[in-house]
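Please examine the sequence and the structure shown below before reading on. The paragraphs that follow are intended to be read with both in view.

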There are 2 protein chains.
Amino acid sequence: MRKALAIDVGGTKIYNTIVNENGEIISKIEKYPTSKNYDEIISTFKTIIEKYEKEVDVIAFSTCGAVNNDNNKILGSTGNIAKEYPTTDFQALSNKPVFVENDANCAAWAEYEIGASKGFQHSVMLTLGTGVGGGIIVDGTLLKGKNGAAGEMHFKMRTDKYRKCTCGSWDCFEIYCSGTGLKLTGEEISGNKNITTYNIIDGWKNGDKLMSSIHERWQNDIAYGLIGLANLFDPDVIVLSGSMAEFVDTDYLTEFVNKELVTTPTKVVKATAGNYSGMIGAALLAFRKGF
Amino acid sequence: MRKALAIDVGGTKIYNTIVNENGEIISKIEKYPTSKNYDEIISTFKTIIEKYEKEVDVIAFSTCGAVNNDNNKILGSTGNIAKEYPTTDFQALSNKPVFVENDANCAAWAEYEIGASKGFQHSVMLTLGTGVGGGIIVDGTLLKGKNGAAGEMHFKMRTDKYRKCTCGSWDCFEIYCSGTGLKLTGEEISGNKNITTYNIIDGWKNGDKLMSSIHERWQNDIAYGLIGLANLFDPDVIVLSGSMAEFVDTDYLTEFVNKELVTTPTKVVKATAGNYSGMIGAALLAFRKGF
């Protein structure tokens, strides 16, 4: 059975492990900080690869940033990481084949092969964290678009330039429905600039009225976005993953979305492929693509 | 060369002609009213089919309403047409193979094979008319979703239940960016309930300040919607068709959209496959699918 050295590159941490063709993690999970310095990032990659490349058939990166259709290059800048990172020549890092894919796409693929969207040919996956990532599967194939950048959850929730998004534009789904979005909604409703995501979630859990109303607004914004996605993709299932997915009620969202659809009923569910779905998906995609 | 009897079923008119494998119209265009009475609609279909079925290899319907993935059945009700219409057993209408597809999907396919998106594997097509239709092509394949209903342009432009959409939900792209949407935006900005789409377009063309500001708001709403679509699909091209597409500036939209994208630059263009692109696309899709 083939094995991949899977490496997950996030804005703050780099993880690695080994994944087999069944999507099983068969080695320990290791963790490094993501340096702001490009050379240090590359040096971390080299350390990991030198240590494990002999044991595996392919190196599979799950990374922040959009990845091209040849799965060997990052397209454009990626916010929270060294500016030079998109110039990385991934294949130059190893003599083994190197495969690269966007982390949300990898997570969506893991859900499709071993997780919550297994058995479904049409799915939309959203990672709700500090930001929002997206991975869309159409007829059993990852939606990549002309250059590989598809699946970005930057569609507008309003059009009057109300809330600036991290992407530079205004009022995207991400800036309402991420953890950051929850905090901003909390600031607006409470009038308290120092409110934290933790305050809101904790208050909501304890039945605090104000905090519950903030949570409700945030969750309804998620529902509004999902309605649009369901009308565009007519998916079997919408999978929510990421740290903030813990705080949504998928039954509520399913009912809300289905009540307002013009397409056919869908189901909102939580991800089940686990915290390392990025690495698992990167490995499984690399195998699938014959790397 | 194979030939299709192409029939376009709209809310008010039914057209028919014959289309060959090159997408050429090789017979005269005939026109019937779309009755509100189901039996009369079926009777019109029978009249057309009896007249031409011996001359062709396949009957290809381009119709309002979402169509299933087997291309033989309409899913759910379709607004402006007899309630029983979705129950139509299309194959029962002829001994020749009968193929059915949604009209916006057909138009998108005509653009892909012989029109403005020819040569591009990733495109989004919008028909801007009384309503808004959508047809999305991903990697040279029509996006249909789990049941065939994908590509509906009902994603939200705001989330505060401001403008009721024809679909029953609120604030969809369609109710801002269609001809109906232009009139409603005109009513809001001018305070005149009797304003017509014609008044606005005519005033805008003649440089009237108020009418131009209404047109600008409408066109910017289109741009805001296209930004979301471009971020989701990373398309080579976004094609605008329909009667209202005449009144948009595609260079302005291209620049506006590309300035705010997180994916890679795209191009907004007008459709070129002509007024009968629905029938042409239905025929070409039927051939492509081996009907």
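The account below considers the contact between the chains, then a helix, and then the domains.

The model is a predicted one. Chain A and chain B meet in a contact to which chain A brings 35 residues and chain B brings 35 residues. On the side of chain B that touches chain A, the greatest contribution comes from helix α6, residues 209-233 of chain B, which gives seven residues. By character, the residues on this side of chain B comprise 15 nonpolar, 12 polar and eight charged.

The helix α6(B) itself can be checked against its expected length. It has 25 residues, and at 1.5 Å a residue these should span 36 Å; because the C-alpha atoms at its ends are 36 Å apart, the two values agree. Just after α6(B) comes B:D234, whose phi is positive, at about 45°.

Attention now turns to the interior division of chain A. Domain 1 of this chain covers 3-107 together with 275-288, while domain 2 covers 119-270. Between the C-alpha centres of these two domains of chain A the distance is 26 Å. Where the domains touch, 11 residues of domain 1 of chain A are in contact with 13 residues of domain 2 of chain A. On the domain 1 side, β5 (66-67) and α2 (103-114) of chain A each supply at least two residues, and α2(A) provides the largest share, with four residues. The residues on that side of domain 1 are divided into five nonpolar, five polar and one charged.

Definitions and conventions
Residues are numbered from 1 along each chain as its sequence is written. Chains are lettered from A and ligands numbered from 1 in the order in which they are written. This is a predicted model: local features need pLDDT of at least 70, side-chain atom pairs count only at pLDDT 80 or more; totals for chains, interfaces and linings use all residues. Two residues are in contact if their C-beta atoms, placed from the backbone, lie within 7 Å. Ala, Val, Leu, Ile, Met, Phe, Trp, Tyr, Cys and Pro count as nonpolar, Asp, Glu, Lys and Arg as charged, and the others, Gly among them, as polar. The expected span of a helix is 1.5 Å times one less than its number of residues. Domain bounds come from an automatic or database domain assignment.
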